Amino acid sequence: MGRTIENKQEIVADLKASLNESQLALVINYQGLSVAEITDLRRRLRPTGTVCKVTKNTLMGIAISGQDNWLAMEELLQGSSAFLLVKEDISGAIKAYQDFQKASKKTELRGGVMEGRLLKEADVKALGDLPSKEQLMAQIAGAINALATKVAVGINEVPSSLARGIQAYADKDGSAATETDAA
C-alpha cells in the first residue's frame, strides 16, 4: 500500500525542517545495508548531532526545491539514497561515517552540499580531516592559558627586576661607602 498525499507532505515538511537546522548534508548509497547496519550508522552519528534520513529521492527533491543552499543536491539524487544531515559537529560526523564505512564496506559516499556548494568525496574527506569542535576548543584554551601564564610571569618579573636593581644599587653604594671609609 502506497503512502497518502498527507503522509508524503509530512515527510517533506520534516525533511525541510531538518535541512533548515543542518550545516551539511551528505548523500550516501546505502544499498545492501540491513536494518541493523542502518541502526548502527544512526547510533554512531547521534553523538555528533547528525540525523540519518532514508527517503525517496523525489521527496528530498521536493524538500530542497526553492531552497538555494540545498539545490546543488539535485545532482546526487539517484539510486538508493540515505541523507546524513549534520547539525553540529561536521568533522565528527564525517569521521563517524568513515569509521562505519570501513567496518561495513557496503556504503558509498556520493557527495554532499554545504552552503550551496556541491562537495565531491575528496572535499568531504578534507572536511573530515579538520579537527573536531572539542579539539579546536582545547587548542584555543591551551593558547589562552599559555598567554595568561606569560603575562603573569611578565608582571611578576617587574617587581623582582626592580628589587634586584635596587639591591644592586644598594650594594654598589654600600661598597663605595666602605671604600671611602677605608681611605
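**Exercise 1.** In this predicted model, helix α4 passes helix α5 in a left-handed crossing; work out how the two helices are oriented to each other and which residues make the contact.

*Solution.* Begin with the two axes, those of α4 (residues 90-104) and α5 (residues 121-129), which come within 7 Å and cross at roughly 115°. Angles from 65 to 115 degrees count as roughly perpendicular, and therefore α4 is described as roughly perpendicular to α5. Next, list the residues on each side: α4 contributes I90, S91, I94, K95 and Q98, while V124, K125, L127 and G128 come from α5. Finally, sort these residues by character, which gives four nonpolar, three polar and two charged.

**Exercise 2.** Locate Y30, decide whether Y30 is buried, partly exposed or exposed, and find which residues Y30 touches beyond four places away in sequence.

*Solution.* First, place Y30 in the loop that lies between β1 (24-29) and α2 (35-45). Its relative accessible area is 22%, and because buried means under 20% and exposed over 50%, Y30 is classed as partly exposed. Then look for partners, leaving aside residues up to four places away in sequence: Y30 touches I38, V54, S80, S81, A82 and T107. As a last step, take K106, which is 76 residues from Y30 in sequence, although the C-alpha atoms of the two are 7.1 Å apart in space.

**Exercise 3.** Describe where L136 lies, how accessible L136 is, and how far L136 is from N69.

*Solution.* L136 belongs to helix α6 (residues 133-182). With a relative accessible area of 39%, L136 is partly exposed. Between L136 and N69 there is a separation of 67 residues in sequence and of 26 Å in space, taken from C-alpha to C-alpha.

Terms used. Residues are numbered from 1 along each chain as its sequence is written. This is a predicted model: local features need pLDDT of at least 70, side-chain atom pairs count only at pLDDT 80 or more; totals for chains, interfaces and linings use all residues. Side-chain values use heavy atoms; hydrogens and water are left out. Axes are lines fitted to C-alpha atoms, for helices over the stretch in contact, and angles run from 0 to 180 degrees between N-to-C directions. Angles under 35 degrees count as roughly parallel, over 145 as roughly antiparallel, 65 to 115 as roughly perpendicular and the rest as oblique. A crossing is left-handed if the near helix is turned anticlockwise from the far one by less than a right angle, and right-handed if clockwise. Contact means heavy atoms within 4.5 Å. Ala, Val, Leu, Ile, Met, Phe, Trp, Tyr, Cys and Pro count as nonpolar, Asp, Glu, Lys and Arg as charged, and the others, Gly among them, as polar. Buried means under 20% relative accessible area, exposed over 50%, partly exposed in between (1.4 Å probe, protein chains only).
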